[in-house]
Amino acid sequence: MKIYKGFSNFSVYAIYVIYGVMILGLMLYFLFDFRKGYYPVYTIGFLLFFFMSVLILYRISSILQQMSEKYILFGLILLCFIIKFCWIWFVRIEPLVDYATFFYTAVDLSQNEIIQNRYVALFPHIFGYSSFLSIFMKIFGASYMLPPILNVILSTISVTLIYFICKKIADQRIAIVASLLWIFFPSQTIYNMFALSEPLYTTVLLSIIALMIVIHEKLSDRLKTFGYSLVLAVLLAFMNMSRPIAAIPIIALAIWFFIIDIKHIGNKKIFVNKIINLVTVIIAYSFLTTLSDHYISYRLGEEIATVPGYNIHVGFNMDSYGQWNQHDSDLLYYYNDMKELSANDVQRKMLEEAKNRIFHEDNNFFKLFCVKFLIFLGKDDAAVGYASSVLDHPLRLQILSDVYYYSLLLALLFGTFIVFKKRERSVVIVLCLYTIGLTMAQMLVEVSSRYHYSLTISFVILASIGIIRLGDYIKLKFGKTYRKRL
C-alpha cells in the first residue's frame, strides 16, 4: 500500500511537471523569438496586459462573490451571449474551404436520407458536426447565420459548465475569473463566425468533465455510478463523431480513478464501483461507436474509412512539418480516383504510404515534433487569418489574440505551480492529461493551430487558479507593507 501511494504521488508530480514544461517552453519561445514582427509591441503589451488582467480580474471576482450566486451566474451567461452574439452579428463571413464542407454536407443531410459523399466517407468526423447542424437546418432552413448562432449558444453553455467545474474543484472567485477569461477570449469569439466542429465537441468535452466530477462524488452509490457511466459513454461517442479523440478522456479517466485518486485503497466498495464505471464506459462507448459507424455508412451509402492513413501520412511530412500540403492531397486523390477502391481502402493505401515515409525516408523526428509542437500551440491568431477577408484591422486582432493567449499561459504557469505544490488530485488532473494526450496525438497526425481550441478550457481553468492565488499573494504582501508604513 505504501509503495502504491508513493507511485501515486510520483504520478501526480510527473503530470504537472510535464504540463508545466510544455507551457514554459511556449513562454520562452514567445519571449525570445526576436524574429517576429512588432516584437516590442508583443512583449510590452503582453506584460502590461498580464498584470492589469490579474489586478482587474482579482478585484472583480472579490466584488462579485459578495452577490447572490444566481445573479452572478445569470450575469455571466448574459454577458457571454451578448459579446459572442454581437461579434457574429456584425462580422459575417460565408462558409469557405473546410467550413463550406461542413455547411453543405449539413444541407445535404437535412434534405436527403442518403447522400453520396466520398470525401465525408474518407473523413467521417465531418459527419458528426454536419449531422448536428442538419437537425437545425430542417427546422430553420439553411441560413449562413445558423452555424454562428449555434456556436454562440454552445459557447454560452460552455461558460456555465466552466463555472460549475471551477466551483467544484476550487471556489467561486476562481469560477468567476475562469468564466470571464472564456467570455473575453478573442480567438474563441472569432471562431464562432464559422461552420466548424470545435465549439460543439468542446462543449461536449466540458459536459464529460462535469459528469466525471458527478460520478466521482457518487462512487458510493453503485446504481447511480452505473447510470452516469452510461450517460458518459453516450457523450464520449457523440464527441468521437465530431472529432475522433474520445480515447484521450477515457484514458485520462482511468489514470485519475486508479492511479491519482487513491481513496479506493482499503475501500472495496469504492474500488468495485470504479471498476464498474470504467468497464461500463468502455463497453458502452465501443458499442455506441460501432453503431454510429454503421449509421454513418448507411447515410453515406458506402462503408466509411476506419483508419486515419492520410492524416498520419501528412503528419510525418518533413517539408510541410505536418501541415496540409498539395503533394499529399494529390496522392490521396490519386488513390481515390481508383474506382475499385472503397473509402476505407484509400485510407489503408495512405497508411501504407505513411509507414513508408516513417520507416524508409530520412526524417529528423526531433525537429519535426518540435516544429509541430510550436505550430500546434505556439500562436493563437489562426482565427483572424481565416476571417481576414472581412476584418478591418486583422493585424491588431492578431496581436490582441497572441497577447491574450500568452498572458493566459503565464497565469497558467502560476496555476500549475499551485496545483503541483498542493498535489491537487481533483479533475484538474484530467484537464492536464487531456492537454498532454492531445498534444502527443497531434505529433502523429496532420497539425494545425486550430486543433488546440479544446485545450483552451484547461488553460482558462488553471489560469484562473493562478490569477486568484497570485492576487491573494500580492494583496497579502503589499497589504502588509502598506499597513507597516501607516
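For my notes on pocket linings, I count Ala, Val, Leu, Ile, Met, Phe, Trp, Tyr, Cys and Pro as nonpolar, Asp, Glu, Lys and Arg as charged, and the others, Gly among them, as polar.

**Entry 1, the model.** I am working with a predicted model, and so I looked up the confidence before anything else: the mean pLDDT of the protein is 91, with 96% of its residues at 70 or more. I marked residues 481-486 separately, since pLDDT stays under 50 there and the model gives this stretch zero contacts beyond four places in sequence.

**Entry 2, the second largest pocket.** I noted a volume of about 290 Å³ for the second largest pocket and a lining of 16 residues, among which I251, I255, L433, I436 and M440 lie nearest its centre. When I asked which elements give two or more residues to this lining, I found α1 (2-31), α12 (247-260) and α20 (428-442). By the classes set out above, the lining of the second largest pocket divides into 14 nonpolar residues and two polar ones, with no charged residue.

**Entry 3, T202.** I then turned to T202, which has its place in helix α10, residues 198-217. Is T202 buried or exposed? I recorded T202 as buried because its relative accessible area is 1%, where the cut-off for buried is under 20%. Leaving aside residues up to four places away in sequence, I listed W182, Y453, S454 and I457 as the residues that T202 touches. I also wrote down that the side chain of T202 reaches the backbone oxygen of E198 at 2.7 Å.

Definitions and conventions:
Residues numbered from 1 in each chain as written. Predicted model: local features only at pLDDT ≥ 70, side-chain atom pairs only at ≥ 80, totals over all residues. Heavy atoms only, no water. 1 Å grid on protein atoms, 1.4 Å probe; cavity = no way out; pocket = protein on both sides within 12 Å on 5 of 7 lines; lining within 4 Å. Points joined across faces, edges and corners; volume = space filled by probe spheres on them. Helix = DSSP H or I, 4+ residues; strand = E, 2+ residues; numbered from the N terminus. pLDDT = per-residue confidence, 0-100. Contact = heavy atoms within 4.5 Å. Buried < 20%, exposed > 50% of the residue type's maximum accessible area, 1.4 Å probe, protein only. Polar contact = N/O pair within 3.5 Å; in protein donor to acceptor, adjacent residues only side chain to side chain.
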